Amino acid sequence: MLIIMLSCKRAFAGRYTVNYLIPCWTKKMNWYHISTGQFGYPQPEDSYLDETYDLTDGCPTCEIGKRLKNQFRFRSEPKAKHSQFLGLNWVFDEIFVRDVVKSIFEDEQVIGVKFTKPILHKTGQPLKTIYHMLVDTVLPPSLNADGLKSEKCERPKDPGMIKFLEASGSSLVKGPFCGSTKYNYPRGDNELITMFESTFSSMPDVVRMSEWFGSGGTASRPILVSERVKEIVNRMKWRGLIFRPIKLINK
Ligand SMILES: [Zn+2]
């Protein structure tokens with residue numbers, strides 16, 4: 001706060017034009033990791049990973065490096081009518097929205113999202129009530145990983161774990177193993193994703209982290225939104241979106 005006040009004092013002293021006063025007050029912008037509840041499973045359940053993602057640079061065991069190539073396929077129109085934001089099981093970094101969200105985000109000129117229709121699996125036709133919110137802007141590496149648990153994609157070493165995974169037919173013991181690292185999502189109320197504040201200057205309202213999170217056979221890159229997006233969601237009283245603050249630090 002002191003830094004912001006000093007910055008404004010300099011502006012008042014005539015070093016900057018009056019217009020520069022606005023960004024000095026809004027300089028400290030909060031960012032949030034967003035997530036949703038899960039409704040249903042991506043289709044077809046046994047092969048959605050290959051059919052939805054390009055794994056040319058990705059790992060079929062840990063999912064790190066996967067890239068979207070096709071629309072998601074749903075079993076049916078989601079029924080949670082009071083939720084404007086929805087998600088699918090197994091997929092933790094894609095968000096689906098009702099028509100009204102697309103419409104208001106476009107009216108409010110929220111930057112960093114595009115919208116496409118998921119597909120109803122049994123007919124091949126677009127869903128009627130849901131859009132997929134596409135987020136293509138990937139931040140440069142900016143995670144401060146101090147205190148975060150991480151795991152490497154490699155053959156397990158613990159004999160008990162190997163026995164358990166073999167008994168369940170898990171690919172986590174068969175491989176292939178790419179050697180990449182992902183971070184476990186912070187769980188506790190006081191544990192937040194910590195990032196460097198300078199990364200967010202001149203970024204759109206909706207971005208994606210470059211670091212991968214998850215555990216075992218799932219990996220995802222968190223979607224982050226600016227304070228402005230949170231303000232719109234709160235003002236519209238939309239349901240279904242969970243905001244967890246990002247802890248911002250100086251490099
Ligand atoms: Zn891997």
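Okay, let's start with a word we'll need: a residue is exposed if 12 or fewer other C-beta atoms lie within 10 Å of its own, and buried if 20 or more do. Anything in between is partly exposed. Ser202 has 5 other C-beta atoms within 10 Å, so Ser202 is exposed. Keep in mind that we're looking at a predicted model.

Now, the overall picture. The protein has 6 helices and 16 strands. Of its 251 residues, 27% count as buried. And if you take the contacts with a separation of 6 or more, 70% of them come from residues 24 or more positions apart.

Let's go to the sheets. One open sheet has 4 strands, in the order E13-E14-E1-E15, with antiparallel pairing. Which strands stand at its edges? Those are E13 and E15, which is residues 241-245; each has a single partner strand, so one side of each has no neighbour in the sheet. From one strand to the next, the twist averages 35 degrees. If you zoom in on E1 and E14, you'll find 4 bridges between them, in the antiparallel sense. Tyr32, for example, has Val225 in E14 as its bridge partner. Then there's helix H6, which lies across E1, E13, E14 and E15 and runs at about 80 degrees to E14.

Quick reminder for anyone new to this: strands of a sheet pair through backbone hydrogen bonds, and they can do that parallel or antiparallel.

Okay, second sheet. This one is also open, with 4 strands in the order E5-E6-E9-E7 and antiparallel pairing. E5 and E7, residues 114-116, are the edge strands here; each has a single partner strand, so one side of each is left without a neighbour in the sheet. The twist averages 40 degrees from one strand to the next. E5 and E6 run antiparallel and are joined by 3 bridges. Within that pair, Leu86 stands opposite Phe96 in E6. And which helix lies across E6, E7 and E9? That's H4, running at about 85 degrees to E6.

Now for the inside. How many residues does the largest nonpolar core have? It has 32, and the ones with the most contacts inside it are Ile95, Phe96, Val97, Met133, Val206 and Leu224. Several strands and helices supply at least two residues each, including E1 (31-36), E6 (91-98), E9 (130-134), E14 (223-226), and the helices H4 (99-107) and H6 (227-236). Apart from that core lies another one, of 8 residues, among them Cys59, Ile64, Tyr183 and Phe213.

Let me stay with Val97 for a second. If you ignore its neighbours within four places in sequence, Val97 is in contact with Gln84, Phe85, Lys102, Tyr131 and Met133.

Last part: the backbone oddities. Most residues other than glycine have a negative phi, and most peptide bonds are trans. So where do we find something else?

Let's take phi to begin with. Trp90 isn't a glycine, but it has a positive phi of about 75 degrees. You'll find Trp90 in the loop between E5 and E6. Is Trp90 buried or partly exposed? It has 15 other C-beta atoms within 10 Å, so Trp90 is partly exposed. Ser202, our residue from the start, isn't a glycine either, and its phi is positive too, about 65 degrees. Ser202 is in the loop between E12 and E13.

Next, the cis peptide bonds. The bond from Gln43 to Pro44 is cis, with omega near -15 degrees. Pro44 is in the loop between E1 and helix H3 (48-52). A cis bond also joins Gly175 and Pro176, with omega about 5 degrees. Pro176 lies in the loop between helix H5 (159-167) and strand E11 (181-183).

Before I stop, one more proline. Pro204 lies in the loop between E12 (194-196) and E13. Pro204 counts as partly exposed because it has 14 C-beta neighbours inside 10 Å. What is Pro204 in contact with, leaving aside its neighbours within four places in sequence? That would be Ile111, Gly112 and Thr137. And Pro204 and Ser226 are 22 residues apart in sequence, but C-alpha to C-alpha they're 8.2 Å apart in space.

That's my tour, thanks!

How values were computed: Residues numbered from 1 in each chain as written. Predicted model: local features only at pLDDT ≥ 70, side-chain atom pairs only at ≥ 80, totals over all residues. Core = buried A, V, L, I, M, F, W, Y, C linked by C-beta atoms within 7 Å. Contact = placed C-beta atoms within 7 Å. Pairing = 2+ DSSP bridges. Axes fitted to C-alpha atoms, helices over the stretch in contact; angles between N-to-C directions.
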